[in-house]
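Here is a brief report on the internal spaces and packing of one protein. The sequence and the structure come first.

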Amino acid sequence: MKNYIAAISICLVMGSCSWDDFGDLNVNPNESTSPKTSALLTNSMLTTGGNVLATQGALYVQHISNKQYTSADNYQTINFASDFWYNGPLADLQKIIEINSNELTKVVASADGSNENQIAIAKIMQSYYFLFLTDRWGDLPYSEALKGNEGILTPKFDPQSEIYDGCIQALKDASAMIVTGPGTIPVKGDILLNGNMELWKKVSNTIRLVAAQRLSKVNPTKAAAEFALAFNVGVIALDNSENVMFKYLNIQTYENPYYSSFVSQGRLDWTVADPVMNFMQLNSYASPHNGSRGKMDKLADPRLPVYANPLENTTNQFVGMPYGLSEADAGSIPNSRVSFLGNAFRQQNSPAYIYTSAQIAFALAEGVVRGWIPGNAKSYYDQGIQASLNQHGVGSSFDAYMTNTEVAFSSGRELEQILTQKWIALFPNGYEEWAEWRRTGIPSLTPAANALTPSLQIPRRQAYGTTEANLNTENHQEALTRQGFSSDDLDGRIWWDVQ
């Protein structure tokens with residue numbers, strides 16, 4: 001999919017490609033060569049769906065398991081490159097800011113939307129990306145990033161705490177500069193929210209709320225203050241009407257990556273992992289793969305038939321794939337004896353949910369339990385479950401589901417229940433749930449039996465890519481030393497991930 005996007009990105013930015021012939025890059029000498037900001041904005045948003053559906057994150061939190069090639073389940077990959085985001089979406093967004101700020105270009109750019117609103121969206125999206133990246137790697141280039149035109153080709157790595165401070169402030173600034181009302185030129189190229197600036201304010205506040213919650217252990221005072229501020233100015237609605245999603249299309253160029261894997265490539269790789277399957281079946285069955293477990297009953301999570309396909313030649317039997325097996329052991333289990341990822345997640349146009357009502361309702365429930373905001377934690381908890389069930393088309397099962405004692409909100413188990421239901425509701429948004437799991441340790445997850453990390457534990461971060469080590473060596477080493485990492489591996493804890 002990245003190859004398709006790369007080809008189309010050239011067309012979007014340069015505005016000079018024929019859809020029928022990518023090789024014909026005609027340039028009209030009488031037209032401006034300055035890129036269209038609407039095309040840059042569209043291009044910068046194409047990555048969001050992949051962030052959500054990235055399989056490595058979903059493997060870490062045991063949403064999914066590989067059926068064939070299990071090296072990723074066992075944490076074999078250590079280094080992950082971040083330069084794609086800097087050279088791609090972040091650079092596009094920075095260009096939007098520059099064009100809409102420059103007196104020589106801002107007037108022409110305003111044809112694609114008011115200058116203020118274009119800058120605001122770009123700042124919000126940049127903050128979203130920087131937070132996504134720093135939650136994976138830790139310290140990263142931030143204050144000196146994207147300044148190649150100023151001669152800064154080897155930017156310093158900023159401490160993660162400063163990246164968080166910068167992003168939270170940038171989100172506040174972006175919300176404050178948004179203009180609405182009669183005469184405001186709608187922003188073009190916005191494939192996420194279609195230029196709805198009131199909703200962009202809410203999304204900005206939502207990102208702030210999620211970022212503030214990350215600080216619950218490392219800086220609870222700041223977490224409480226920033227969480228309350230974001231909540232008070234308004235986050236997305238809790239009725240699924242304002243869910244933020246990347247909408248894949250029924251064309252090969254922009255198709256859902258799970259569809260691409262299962263259908264376009266004909267691969268049977270992705271199954272539902274045993275841990276989440278077991279919980280959704282509420283531990284009411286015997287051990288897996290012996291024919292005695294897997295049949296649905298009234299206590300099973302109503303989302304289960306959405307998340308997973310039934311076993312081959314059955315209609316209501318579901319069995320998770322054991323997590324972290326060797327390739328030989330995984331291969332010994334017949335395809336017919338495990339449940340693959342549900343069809344709902346692998347249609348050509350199945351969306352990727354970036355922020356949902358369920359996620360935010362559970363965040364608010366936790367905020368009440370921690371005393372950060374007023375309200376009723378049970379009410380937010382119930383709203384989170386209802387929103388998740390509605391999102392997956394099984395909302396009518398809410399009352400029956402809530403009769404189960406494992407699910408019904410109970411005193412003394414509040415955080416455990418909230419965060420476990422959040423784990424289920426975020427499926428398969430792996431990197432977001434990985435951040436939540438590292439922050440809280442809930443739910444309790446057992447590392448892969450064949451874990452390849454030095455500690456034999458689930459990864460706590462990802463190691464920097466080789467580009468950083470080879471081309472920005474001094475700053476790369478300084479970042480490792482500052483974070484207390486003796487080596488660049490998967491075991492080091494990032495700033496907010498404290499014991």
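The largest cavity holds about 260 Å³ of space. The model behind this value is predicted. Lining this cavity are 21 residues, and those closest to its centre are Tyr 128, Phe 132, Arg 214, Tyr 355 and Glu 432. Several elements give two or more residues to the lining: helix H3 (48–53), helix H8 (115–137), helix H10 (197–214), strand E7 (352–355) and helix H20 (430–440). By type, the lining of the largest cavity splits into 13 nonpolar, three polar and five charged residues.

A search of the whole structure finds two cavities of 30 Å³ or more. The second largest cavity has about 70 Å³ of space. Its lining includes Thr 48, Ile 124, Met 125, Tyr 128, Trp 200 and Tyr 355. Leu 192, Val 203, Ile 207, Val 244 and Ile 354 also line the second largest cavity. H8, H10 and E7 each supply at least two residues here. No charged residue is in this lining. Tyr 128 and Tyr 355 line both cavities.

| Cavity | Volume | Nonpolar | Polar | Charged |
|---|---|---|---|---|
| Largest | about 260 Å³ | 13 residues | three residues | five residues |
| Second largest | about 70 Å³ | ten residues | one residue | no residues |

Next comes the packing. The largest nonpolar core has 136 residues. Met 125, Trp 200, Tyr 381 and Ile 385 have the most contacts inside this core. H8 gives the core its largest share, 13 residues. In soluble globular proteins, nonpolar side chains tend to be buried together.

Trp 200 belongs to this core and also lines the second largest cavity. Which residues does Trp 200 touch, not counting residues up to four places away in sequence? They are Met 45, Ile 121, Ile 124, Met 125, Ile 178, Asp 190 and Leu 193. Among these partners, Ile 124 and Met 125 line the second largest cavity as well.

Helix H17 (residues 377–391) holds Asp 382. Is Asp 382 buried or exposed? Asp 382 counts as buried because its relative accessible area is 14%, and the cut-off is under 20%. Beyond its neighbours within four places in sequence, Asp 382 is in contact with Phe 398 and Met 402.

Gly 234 sits in a loop, between helix H11 (220–233) and strand E5 (244–246). Leaving out residues up to four places away in sequence, Gly 234 touches Lys 201, Lys 202 and Asn 205. Gly 234 and Asn 205 are 29 residues apart in sequence, yet their C-alpha atoms are 6.5 Å apart in space.

How values were computed. Residues numbered from 1 in each chain as written. Predicted model: local features only at pLDDT ≥ 70, side-chain atom pairs only at ≥ 80, totals over all residues. Heavy atoms only, no water. Helix = DSSP H or I, 4+ residues; strand = E, 2+ residues; numbered from the N terminus. Buried < 20%, exposed > 50% of the residue type's maximum accessible area, 1.4 Å probe, protein only. Contact = heavy atoms within 4.5 Å. 1 Å grid on protein atoms, 1.4 Å probe; cavity = no way out; pocket = protein on both sides within 12 Å on 5 of 7 lines; lining within 4 Å. Points joined across faces, edges and corners; volume = space filled by probe spheres on them. Nonpolar A, V, L, I, M, F, W, Y, C, P; charged D, E, K, R; others polar. Core = buried A, V, L, I, M, F, W, Y, C linked by side-chain atoms within 4.5 Å.
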